[in-house]
Structure formats: structure tokens, C-alpha cells
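I set out to record how a few helices pack in this model and what surrounds a few chosen residues. The entries are kept in the order in which I looked things up.

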Amino acid sequence: MMLSVSKLTLDHEPALSGVERLPVMGWKIESRHRNVRQTSYQLQISHDICFNQIVFDSGVQHSEQSNNIVLANVALIPSARYFVRVRVQDNYAETSAWSEPAGFITGLLDSGWRAEFISAEKPEDKDNSKATLVRKTFEADSHKSISSAFAHVSAWGIYQLYVNGNKVGTDELTPGWTSYAHHLLYQTYDLTDILCGGLNVIGAMLGAGWYKGDMGFTRDRNYYGENTALICQVVITYTDGSQDIINTDESWEGDDSPILFAEIYDGEIYDARQEQTGWSSQKFTPRVWRPVRVMAGDKTVLKAQASGAVKQTERLKPVAMITTPQGDRVIDFGQNLSGWVEFCVKGRAGQKVILRHFEVLDAAGNVYLDNLRSAKQRTEYVLRGEGEECWHPHFTWQGFRYVKVEEYPGDVDLNNFTAIVLHSAMEQTGEFSCSSAELNQLHHNILWGLKGNFIDVPTDCPQRDERLGWTGDAQIFCRTASYLMQTRNFFAKWLTDLRYDQTPEGGVPHVVPDILTNHCGKDRLLADGGTHSASAWADAAVINPWTMYLMYGDTRVLEDQYDSMKGWIDFMEAHSEHHLWRYKLQFGDWVALDAKEGSYFGATPNDLTCTAYFAYSTLLFSKAASVLNRTADHRKYADLHDKIVHRFQQEFFTPAGRLAARTQTAHILALYFNLVPEAFRQRTTETLVELLNEHDGHLVTGFVGTPYFCHALSQNGRLKEAWQLLLKDDFPSWLYQVKAGATTIWEHWDGIKPDGSMWSADMNSFNHYAYGAVGEWLYRVAAGIEADEDQPGFKHAIIQPRPGGGLDWLDARYQSIYGAIGVRWEVSGQTVDLRVSIPANTCATLLLTDGKTLHETDGIDFVPCVQGYTAEVGSGEYRVKYALV
Ligand code: BGC
């Protein structure tokens with residue numbers, strides 16, 4: 001069979017568990033032909049995998065659409081399983097077989113919550129961080145057979161669900177972190193094969209987590225409440241259609257757990273002697289447990305999370321055992337990561353394993369803990385003393401490459417230690433390699449920056465007493481992240497919380513979920529300056545939804561966020577004077593090297609940064625309005641955009657075309673956001689190059705300028721300088737970090753200075769993805785895989801590779817929602833050998849920039865254009881050779 005559907009997705013995922021509205025459907029098509037277009041599809045939804053109980057049949061739809069398909073009018077029933085399949089026909093009149101089915105399970109829908117929040121804590125436990133257990137024994141009807149059983153579960157705190165002796169599912173740190181007062185996610189687990197007729201036991205372990213734990217750099221606790229609680233509703237459906245429902249209620253019992261302490265920043269203390277073996281299994285006869293308390297709580301905030309919970313994603317073995325000059329035993333995992341250390345140990349009851357997790361050794365090769373600030377990152381395990389004991393923590397995570405072994409009975413054998421990598425489950429979509437080993441390492445570091453910081457929310461860093469959803473970091477890294485991984489559902493979730501935590505006036509908090517407002521009395525900067533609405537940070541409200549649209553072509557996120565986006569633009573307008581704005585505390589070009597000694601604030605003036613972003617976000621919002629056919633808004637905000645640009649030009653350009661702020665970042669923003677009068681574009685570009693040369697080709701930019709530096713150059717005829725900047729390897733530069741042995745991206749260009757000393761203990765993360773935002777340049781420009789906003793989601797791509805930097809070859813693949821887009825170029829002398837693959841049912845504009853002579857065209861009809869040569873191509877694999885002279 002030539003034509004096939006290789007992957008069917010639901011909300012861009014292979015499967016969903018806990019669906020409240022019908023997901024958008026999409027699929028990838030494979031064919032050996034070129035120029036393949038879908039001409040029709042037929043999609044079916046069924047209750048059974050054999051498609052005997054079909055609940056929806058689209059019939060043959062004559063449509064090219066193969067992604068983001070929204071089906072109306074399919075009434076879903078709660079706690080039920082569904083399967084979807086599709087077959088397609090193409091322009092070669094071939095018909096595919098039915099695809100492999102994709103499945104989803106519905107949430108509670110409007111059947112509602114009968115379960116109550118229950119707690120095994122006492123009111124006075126509000127100040128402690130012990131974990132508790134809750135359990136219930138129940139009978140399933142043994143005269144009937146179970147057709148399905150699903151548990152819908154959430155908690156105040158972090159929970160792990162156990163049934164009949166085992167942990168259920170592979171999620172960790174559930175229910176994750178959201179704006180709990182408005183939005184609490186529940187997970188849905190399939191218990192069909194776990195429950196049995198007759199006696200069953202269900203239980204959960206609950207830790208403090210973000211809900212009542214000790215959070216934020218001001219170290220407050222109980223942000224959302226004072227006691228942990230579980231809510232769980234199990235729906236058992238028998239083959240005769242009857243149901244049993246098991247709820248959390250006063251009939252459950254509770255007890256203390258072996259976890260004596262668990263906190264996100266500080267780690268976990270576990271006393272295995274306190275384990276009650278088999279506590280969640282049928283054979284267990286408990287000592288007397290205490291009654292649970294039924295807690296009053298708002299259940300309308302509970303929303304199903306269908307995918308994307310944190311998982312254990314990789315396991316790494318240590319690469320070395322080090323004894324430091326100070327005599328500490330240190331295990332090196334060779335990679336800075338977020339997660340846990342799992343170990344196995346034998347010893348006597350009461351002996352301990354104590355580990356401290358950290359990121360870097362200092363210049364002398366000793367353990368460096370200072371940059372963790374108040375976060376302890378410590379785990380302690382007290383042995384049971386029976387045979388081999390293996391353990392990892394539960395309700396915390398650590399950001400580390402190294403582990404100091406403070407106590408461990410017997411010899412430290414590296415075979416007994418494993419690092420478990422944790423992050424939100426996302427499919428990796430970007431692959432990159434090239435002839436420069438350093439650049440490959442940079443790409444690796446960017447990817448690991450993502451892995452280390454996409455832990456349910458996009459965090460700034462995973463190690464110190466912060467780990468907050470700083471909006472600016474998430475904004476500048478969003479496009480890069482979306483090349484590397486399928487981030488649509490991750491960001492859709494976080495943007496929901498952004499929207500809930502916005503101020504009534506439309507202001508956007510600095511961190512989402514917002515735990516700074518009303519909690520930063522101890523932080524002078526925030527106490528005086530406010531906790532919301534900083535330019536480039538708050539713009540996440542607009543830029544991130546727009547990026548989801550560009551990368552995934554999905555209008556749902558735009559629709560869901562529309563009012564939030566608009567609210568932010570209106571906020572800026574309300575606080576602007578003649579379209580120039582600034583507001584209270586601004587971070588500006590944060591941690592730029594042109595800051596005054598000892599300051600975090602870069603030299604670019606705030607009103608320039610604010611107004612530049614005001615223009616950019618307003619433009620994106622007006623486009624979003626047009627996509628959603630909100631014509632009046634489109635016109636209104638397009639007009640507002642013109643006015644802001646005009647004002648920007650009036651205020652910041654001299655009549656002769658000099659940009660008033662002589663900083664790299666000011667020039668980058670003006671160029672990349674198209675704020676430069678056309679007549680001054682060349683001069684602005686030349687000044688940017690001058691500013692670069694003043695630092696011997698180095699950047700001195702911070703969070704705001706860095707992401708777009710290479711773009712501002714390559715878009716304005718300075719490709720060579722963009723490559724040179726990217727490949728600089730002395731301080732300050734991206735490759736300086738690589739050469740210094742970094743395995744993730746640093747927060748500061750001078751995190752470790754050339755003399756080996758540290759920038760500062762105060763704010764010096766070695767796993768901060770922000771400067772990794774250059775990653776998008778590797779995909780969009782170096783490889784040339786660019787989205788087209790008129791046909792988003794890469795339905796039509798713009799393939800414009802820009803070889804350079806003296807690289808012999810580069811190979812990148814981006815797994816779009818239609819299939820993999822691949823670009824590989826090899827350069828020898830002036831000749832470029834280019835291979836491109838375009839997925840079925842998409843097309844691309846191929847641009848051979850600076851191409852002067854065509855050697856091999858592989859059947860493509862190129863035409864000369866301003867840049868070189870161009871052609872429109874359909875799907876398929878192509879190989880062309882051209883010369884730059
Ligand atoms: C965070 C940053 C964040 C910044 C805001 C820092 O503490 O780590 O990445 O954006 O504060 O100024």
C-alpha cells in the first residue's frame with residue numbers, strides 16, 4: 001500500500017485520558033509519491049476498538065484538512081472509552097487503510113463530583129511537611145464482570161494513587177501546579193485491569209507540594225491552603241451496564257507515612273522503618289488508622305488534564321566518582337538535570353543515606369552549594385535494615401549534576417546510583433546536528449535546559465529557592481521550545497493559569513501561577529515595584545498563544561486566550577501616554593552585560609523596551625483577531641499598532657536616523673520588531689554591527705536582546721556576522737559556556753568567569769533556558785525551517801537554509817503535525833548540496849538564498865528572485881545542488 005496514515009493524534013497527542021471536550025483530531029500521511037495531497041477523509045469514533053459500536057462517522061469528507069479538525073455534535077458520555085480511526089484518499093486516487101486507532105477516555109463531564117476532599121492531616125499540621133496516607137477497602141460485585149473502571153483523582157498538595165498494592169499510572173508530581181483557587185486539574189486513570197471482583201483497596205499518599213509547601217524566594221508557606229486533601233471518584237461499569245461509584249468520603253481512614261518531610265526546594269526525609277508494608281493491598285490488616293476529615297472545597301474548579309503530566313523520562317548512570325580536595329565524596333552524573341537520585345543500599349535498621357544535590361564544583365573542585373541559596377536539595381533515607389533497599393524521593397525534585405554523599409552505609413558503588421530525569425511528558429520534535437561539535441553541544445544544552453525546566457510549569461531554574469513560572473523566560477524561549485518538543489498542551493495549560501491570574505485590569509503577573517502578589521513584603525524590589533506587568537515578561541500573554549498558532553496551526557489556544565491577550569494590550573494602552581508606555585517595576589534587558597557594575601538591569605531604557613514590545617504584541621494580537629474573524633478588533637488593533645510604531649519612531653529616532661539608545665538590544669528590537677523607518681534600516685543595521693565590533697564581536701545583551709540578535713543580523717543582510725556571533729567561543733558567548741563544560745544553559749554569561757570565579761552566589765543558575773532562545777535561529781535560519789503564518793502549523797513551510805559559519809554540513813529535522821520536515825546541507829567550496837523533505841499534504845517555498853548557479857534541480861522548476869532562486873514544491877524528498885557564485 002502506497003498511501004497510509006502513519007499517526008493519528010488527539011489534541012496533538014497519541015492518546016488522552018480525561019477528556020472534557022472533543023479533542024482536535026489530526027494525522028500524518030505517508031506516501032512514496034511526491035506532491036501528495038489529501039482529497040478526502042473519513043473519520044469514525046467508536047466505543048470499541050473493533051469499531052462495532054460506532055458513535056460518529058464523518059462519512060467521506062472532500063477536504064484537504066488533515067489537522068486541527070474540530071468535530072461538532074458528538075455527545076460524549078462520562079467515564080467512558082472511545083477509539084478514533086481515519087482513512088484518507090489522495091490526489092493519486094489511492095485510498096489508505098484505516099489508521100491504527102487512537103484512544104481517549106472521558107472525564108466526569110457533567111456527571112459531576114460526588115467525592116469529597118478528605119484529609120488525614122490535623123489543622124495544626126499546616127506548618128509541617130510530612131506526607132500522609134489515606135485508604136479505603138471496598139467490594140466490587142464479584143457476580144458481574146467489570147467492563148471498565150476509571151479513577152478521577154486530584155488533590156490539594158501532591159498525590160500518588162495506589163490500588164491493590166501498586167502505584168497507579170506513571171505520572172509524577174500530580175496534580176501539578178496551577179492557579180489552584182480557579183483551576184485544579186484532575187487526572188483520570190484506567191483501573192480496568194487493576195480492580196478485581198470482590199475485595200479491593202485504594203489509597204493515596206499526599207505531600208505538601210506547591211499547595212501548602214514552603215515556596216518562593218521569600219519562603220512563605222500555605223499559599224493556597226493549610227492541609228493536604230485527596231479527592232477521588234472511581235467509576236466501575238459492569239458488562240450489564242450497571243455502575244458502582246467509590247468516592248473519597250468520611251468512610252476512608254488516614255495515617256502518617258514514612259515521609260517525615262517533603263518540600264520542593266529542600267528535599268525529602270524518609271524513614272523506611274515507618275513503612276506499613278502492603279498498606280494499599282488486600283492482605284493488609286492495619287494498626288488502627290484515624291478517621292479522615294471531610295474538607296469543604298470548591299469542586300467547580302476541577303478540570304480534567306488529558307495529557308502532559310510530569311513523568312520519569314530517562315535514567316542516567318553516574319560517569320565518575322570524585323573525592324574533592326576537601327575530602328567530600330561526590331558522584332558526577334555528567335549532565336545537569338532535574339529529577340531524583342535513586343539508590344540501592346544494604347545496612348542495619350536506622351542507618352542513613354544522606355545526599356546533597358548541586359550543579360557545579362567551584363574553581364578548586366569542591367562542592368558548591370551557595371547558588372542554591374536557601375534550597376537544601378537534600379534527601380535522607382533511614383534504612384529498614386532488611387536486605388537490599390532501593391529508593392527515590394516522591395514529593396520534591398532536585399536540579400543537579402553532582403551529588404555529595406554525606407552518609408551511606410558501606411562503600412559507595414556507582415552501580416547502586418541512578419539519576420531519574422523528570423519533566424512534563426512531551427514528544428521531542430527537533431533534532432539537530434552539524435559539523436561543529438561545540439554547536440551540537442549547544443543544541444544539547446538548550447534541549448536539556450528545556451527538560452530541566454518544563455516541570456509542569458515553565459520554570460526559570462530547577463535548583464534554587466525559586467523554580468517559578470517567570471513569564472519572561474517562558475516568553476523568550478517559547479518558539480525554541482516548540483521546535484524541540486511538542487509544547488502545545490504544556491503551554492495551553494500554563495496560559496490558562498496566566499489568564500486566571502491576570503489582574504482585573506489585564507495586568508499580567510511576573511510569575512504564573514502567581515505567588516508573588518501579597519507575598520513579597522520581604523523583597524524590596526517587588527514590594528516597591530509591584531508584581532505584575534513588566535514588558536517582555538507580561539507579553540507572554542500574547543506571544544505564547546501566537547506561537548502555538550504558528551507552530552501547530554491550532555486556533556483553540558487563540559480562542560481560549562483571546563480575552564486575556566486583549567486584556568494585556570488594553571492594559572498597556574491604558575498606561576501609555578501618547579502610545580509610549582512604561583509601568584512601575586520593569587526588568588528591562590535583564591542581566592545584560594551593559595548593566596552598571598553589580599546591577600541586573602541592562603542599559604537599554606525601559607520606555608524603549610516597553611514601547612517596542614507594546615508594538616509587537618499589538619501587531620500579533622491584531623493578527624490573531626483576523627485569524628478568528630474578529631474584523632473590528634483586527635482593524636482597531638492594526639491601527640493602534642501603526643500609531644505605536646509612529647510614536648516609537650518619533651521618540652527614539654533622530655531625524656537623521658540615529659537610534660537614540662546606543663545599545664545592542666535597542667537596535668535588535670527596533671530591527672526585529674520592524675520599528676525602523678525603511679530609510680534608516682541600513683544605518684540601524686550598520687550601527688548594530690558597530691556595537692558588536694566595539695565588543696570585538698561579542699554580545700552584551702540580556703534577556704530581551706539576546707533571543708533576536710542573530711535574527712536581527714541575518715534578516716538584514718548580515719548573515720556572516722550572525723554566524724560569527726553564534727560561533728564566538730570566548731567570553732561572553734554561547735560557546736564560551738560550552739567550552740567551560742556546560743551541559744545546560746547558564747543564567748549569566750559570566751556564571752563562571754574566565755578566571756574560574758563565580759559571578760555571584762545570589763543569582764547564578766546553571767540551568768536557565770532563557771539564553772537558549774537562540775535555538776530557534778538554528779532551526780528557522782541555519783537550517784531554514786520556517787513557519788508561514790498564512791498557513792500555520794507548517795501546512796506551508798518556507799525552507800530557506802542559510803549555510804555559513806564555515807560549517808561543512810548541517811542536518812535538522814522538525815517533526816511537524818503533518819510529518820517530519822528535514823533539511824540537510826553540505827557545503828564544499830562554493831557549492832551547496834541540499835536535501836529537503838516535505839511531508840505529505842503540505843507544500844513549501846524553497847528559497848536558495850545567494851544561489852547564483854543551479855547544478856542539479858531534481859525536477860524542481862526554480863525561478864530567479866531577489867534572494868537567488870525560488871520554487872514552490874509539494875511533498876517529497878528533494879536533492880538540489882547550487883553554487884553561491
Ligand atoms: C529569575 C529570572 C526572572 C527574573 C525576573 C529571576 O530571579 O530567575 O529568570 O525572569 O528573576 O527578573
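The entries below cover two helix pairs and then two single residues.

**Entry 1: model status.** I note at the outset that I am working with a predicted model.

**Entry 2: α8 and α9.** I began with helix α8, residues 606–627, and helix α9, residues 631–652. Their axes come within 8 Å and cross at roughly 160°. Angles over 145 degrees count as roughly antiparallel, so I entered α8 as roughly antiparallel to α9. I recorded the crossing of α8 past α9 as left-handed. I then looked up the make-up of the contact of α8 with α9: its residues divide into 14 nonpolar, six polar and three charged.

**Entry 3: Leu620.** I stayed with helix α8, where Leu620 lies. Is Leu620 buried or exposed? Its relative accessibility is 4%, and because buried means under 20%, Leu620 counts as buried. Leaving aside residues up to four places away in sequence, I found Leu620 touching Val542, Ile543 and Trp546. I also looked up Leu620 against Val86: the two are 534 residues apart in sequence, and their C-alpha atoms are 34 Å apart in space.

**Entry 4: α10 and α11.** My second pair was helix α10, residues 664–672, and helix α11, residues 681–693. I noted a packing angle of about 150° and axes 9 Å apart. Here too I wrote down a left-handed crossing, with α10 passing α11. Which residues meet in this pair? From α10 I listed Gln664, His667, Ile668 and Leu671. On the α11 side they meet Arg681, Thr684, Thr685, Thr687, Leu688, Leu691 and Leu692. I sorted the residues of this contact of α10 with α11 into five nonpolar, five polar and one charged.

**Entry 5: His768.** I turned last to His768, which I located in the loop between α14 (734–739) and α15 (775–782). This loop residue is buried, with a relative accessible area of 3%. What does the side chain of His768 reach? I found it at 3.0 Å from the backbone oxygen of Asp460. Asp460 also appears in the list of residues that His768 touches, which leaves out those up to four places away in sequence. The others on that list are Asn453, Cys461, Arg464, Asp473, Phe703, Ile745, Trp746 and Glu747.

Notes:
Residues are numbered from 1 along each chain as its sequence is written. This is a predicted model: local features need pLDDT of at least 70, side-chain atom pairs count only at pLDDT 80 or more; totals for chains, interfaces and linings use all residues. Side-chain values use heavy atoms; hydrogens and water are left out. Axes are lines fitted to C-alpha atoms, for helices over the stretch in contact, and angles run from 0 to 180 degrees between N-to-C directions. Helices (H or I, at least four residues) and strands (E, at least two) are DSSP runs, numbered from the N terminus. Angles under 35 degrees count as roughly parallel, over 145 as roughly antiparallel, 65 to 115 as roughly perpendicular and the rest as oblique. A crossing is left-handed if the near helix is turned anticlockwise from the far one by less than a right angle, and right-handed if clockwise. Ala, Val, Leu, Ile, Met, Phe, Trp, Tyr, Cys and Pro count as nonpolar, Asp, Glu, Lys and Arg as charged, and the others, Gly among them, as polar. Contact means heavy atoms within 4.5 Å. Buried means under 20% relative accessible area, exposed over 50%, partly exposed in between (1.4 Å probe, protein chains only). A polar contact is a pair of N or O atoms within 3.5 Å; within protein, one must be able to donate a hydrogen and the other to accept it, and residues adjacent in sequence count only if both atoms are side-chain atoms.
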